[in-house]
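Colleague: Could you take me through one part of this model up close? I'd like to hear about the salt bridges and what surrounds them.

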Amino acid sequence: MGVEAKTQVEEQAPEFTPMPWSIGEIRAAIPARLFERKNSTSLYYLARDLVVAAVAWEFATWIEPVADMLRKTYPGHETAIKLAEAGAWLTYWWFQGLIFTGLWVVGHECGHGAFSASRTICDTIGFVVHSVLWTPYFSWRYVHHRHHANHASMERDEVYVPKTRSDLGIPEADKESIDWNEHFGDTPIYILGMLIRQQLLAFPAYMFYNVSGQKNYPKWTNHFNPNAVYFKPEQRNGVIASNIGILAMIYASKVAISTYGTWSYMKYYFIPWLLVNHWFTMITYLHHTDAELPHYRSSQWNFQRGAAATVDRDFLGWQGRFFLHDVAHYHVCHHFFPQMPHYHGQEATKYLKEFIGEHYHRSSDYVFPALWKTYKECQFVEDKGDVLFYKNMKGSCCLNPSGEKTHPKIESL
């Protein structure tokens, strides 16, 4: 086998050693008080999101009346008024999309039991919040727990499982002899089209068709079938309850459209929800996909190694911190300890980073360029090897030969 045809793990073996510590040793490095869940604090964040969403909604109700008033007062400035009206709607959609995403994050906290020590409180709030945002709460919770328990395992992870060379039909040959455009179409227009498709369709495709999930699951595996391979027999009622929540939303949407009209439904609710779909997909993709993150086959995988194979992102600066509850900024710690509430994530991450050192990953790349860069760099892994790194659209590993990272790191939190 030629040098260029070696597997990626063979290329990187001298530069990467999986972490040696047990999860108990890592947990002991973080103060016990940071694992405490406070109902009052969690309810504050839920109430804050609801109030901010209501304020944004009220703002939106004034857009058209104010525009109509301006048209009557300044009849010769129709173009400027239309632009201002469009700008106001874009502002509403941007911020309400972020606010709705923050509410989705609250439901996510409930699913993990991070919102409260009470399972009843978590499931009641999580079911309502996620159903309103078109997510089957219990079904998603069951599968998402499996993802956390098996993250970065090639055989058992539930989402963002890398495609292999053989999955894509790429021959094992010298890189220079392979027509990479035939496999990836490495042009800006093609990449943009694939990213738009991912951002709009990835989450529903995963929920309905297991896209990006385990490839060995039966055809038509999805989150709505109580008999799907995801679920245990005792989880059947939870899946059915989740489906009832989605059916209730379908009915509520039909009533809203009949009462207020399709366009009102779209502009006040559905467009912000589409942005939730976009933000959630972008956040999770960038958490779990990066050239410096390893994936493991069974002989090398364990829970803590999988948890460390995630990356914290500075997602939208203050907007990500406020509206998204730090879900992107401190996601690595969440993968180690999913029941830790988000409001302890920043402090806990300091202790985690100090303990695991170079195994902690953080990116300061702006997220939209990072999305473009990551998609180009992270296309497939090799069929052989137990510790795997992504290869790009040209079949190369994007870690530098020295083992240095491909993006800058933030040293202070």
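Modeller: Here is a walk through the salt bridges, followed by the helix and the rings that go with them. Keep in mind that this is a predicted model.

The structure holds 17 salt bridges. Let's start with Glu 64 and Lys 267, whose side chains meet at 2.4 Å, N to O. That pair ties together distant parts of the chain, with Glu 64 sitting in helix α4 and Lys 267 in helix α11, 203 residues apart. The two ends have different surroundings: Glu 64 has a relative accessible area of 28%, so it is partly exposed, while Lys 267 counts as buried because its relative accessibility is 3%, under the 20% cut-off.

Next, Glu 85 and Arg 71 form a salt bridge at 2.7 Å, N to O. Here Glu 85 belongs to helix α5 and Arg 71 to helix α4, 14 residues apart. Glu 85 has 16% relative accessibility, so it counts as buried. This pair doesn't stand alone: shared partners join Asp 68, Arg 71, Glu 78 and Glu 85 into one salt-bridge network.

Now for helix α3, which packs against both α4 and α5. Its buried residues pack against α4, α5, α6, α11 and α13. Among those buried residues are Tyr 45, Arg 48, Asp 49 and Ala 53. The helix itself covers residues 39-61, and its 23 residues reach 33 Å from first C-alpha to last, close to the 33 Å expected.

There are rings to look at as well. Trp 57, Trp 89, Tyr 92, Trp 93 and Tyr 268 form one aromatic cluster. Across the structure the count comes to 35 aromatic pairs. Take Tyr 142 and Phe 231: they are edge-to-face, 6.2 Å centre to centre with 75° between the planes. Tyr 142 is in helix α7 and Phe 231 in the loop between α9 and α10, which puts them 89 residues apart. Both of these residues are buried.

For a salt bridge between loops, go to Glu 172 and Lys 384, where the closest N and O atoms are 3.9 Å apart. Glu 172 lies in the loop between α7 and α8, Lys 384 in the loop between α16 and β4, and 212 residues separate them. Glu 172 is at 42% relative accessibility, so it counts as partly exposed; Lys 384, at 44%, counts as partly exposed too.

Key. Residues numbered from 1 in each chain as written. Predicted model: local features only at pLDDT ≥ 70, side-chain atom pairs only at ≥ 80, totals over all residues. Heavy atoms only, no water. Helix = DSSP H or I, 4+ residues; strand = E, 2+ residues; numbered from the N terminus. Expected span 1.5 Å × (residues − 1). Buried < 20%, exposed > 50% of the residue type's maximum accessible area, 1.4 Å probe, protein only. Contact = heavy atoms within 4.5 Å. Phe/Tyr/Trp six-rings, centres within 6.5 Å; stacked < 30°, edge-to-face > 60°. Salt bridge = Lys/Arg side-chain N within 4 Å of Asp/Glu carboxyl O.
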